[in-house]
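I sat down with this one to look up a buried spot, a core and a pocket. Here are my notes, in the order I made them.

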Amino acid sequence: MPEIEIRPASAEDIPYLVAIEHNYKSNYVMQMDLNTEEGQINVNFREIRLPRQVHVEYPHPARQLQQDWMKRSAVLVAVLEGEPVGYLSLSEQLSPASVWVSDLAVSEKARRKGIATALVLAAQEWAAQRGARSLVMEMQSKNHAAIRLAQKLAFEFCGYNDHYYANQDLGVFFASFLR
């Protein structure tokens, strides 16, 4: 298997990163059940198999990605055989002692080859070097692949925000505690 190089993004990477297919398909969704009673709030998430595969639009508009990257603390790029095939964007200012992964995308031809795992591991190292106590990944409730990735890498479920994205999709959050 070819070696994956992870490095900070450069201006030359932008055309490759914008061209990555950010949308994805899913057979599962994390369904939220919210029950409120006097003095008690219960929230449960269940993995539900959908009756048919759905095409899910990426929650951040492609035309806005380049502008968003300029606001991020860092953008890490995965390079495979000399070509950028994925990236991950990081933000430090969202909460104290935490770094957030806002975007994680891998080209369709490079998926299921360990690219996303390598990017997240590099992000953990990047965050730890800056003294962060946690790395938080945000994702849509339909992003089964990202949820499974977070679980595989021992991230813990740490919250949700209903109508989090501009498309009104539910955002779910997983954290890796770095120390």
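**Notebook: S176, core, pocket**

I started at S176, whose side chain makes a polar contact with the side chain of Q124 at 2.7 Å (a pair of N or O atoms within 3.5 Å; within protein, one must be able to donate a hydrogen and the other to accept it, and residues adjacent in sequence count only if both atoms are side-chain atoms). The model is predicted, so local features need pLDDT of at least 70, side-chain atom pairs count only at pLDDT 80 or more, and totals for chains, interfaces and linings use all residues. Residues are numbered from 1 along each chain as its sequence is written, and side-chain values use heavy atoms, without hydrogens and water.

I checked burial next: S176 is buried, with a relative accessible area of 8% (buried is under 20%, exposed over 50%, partly exposed in between, with a 1.4 Å probe and protein chains only).

Then I turned to the largest nonpolar core (buried Ala, Val, Leu, Ile, Met, Phe, Trp, Tyr and Cys residues joined through side-chain atoms within 4.5 Å). I found 31 residues in this core, and L90 and L135 have the most contacts inside it. Helix 3 gives the largest share, six residues (helices are DSSP runs of H or I, at least four residues, and strands are runs of E, at least two, numbered from the N terminus).

Back at S176, I listed contacts (heavy atoms within 4.5 Å): leaving aside neighbours within four places in sequence, S176 is in contact with Q124, R133, S134, L135 and F155. I also noted that S176 lies in strand 9.
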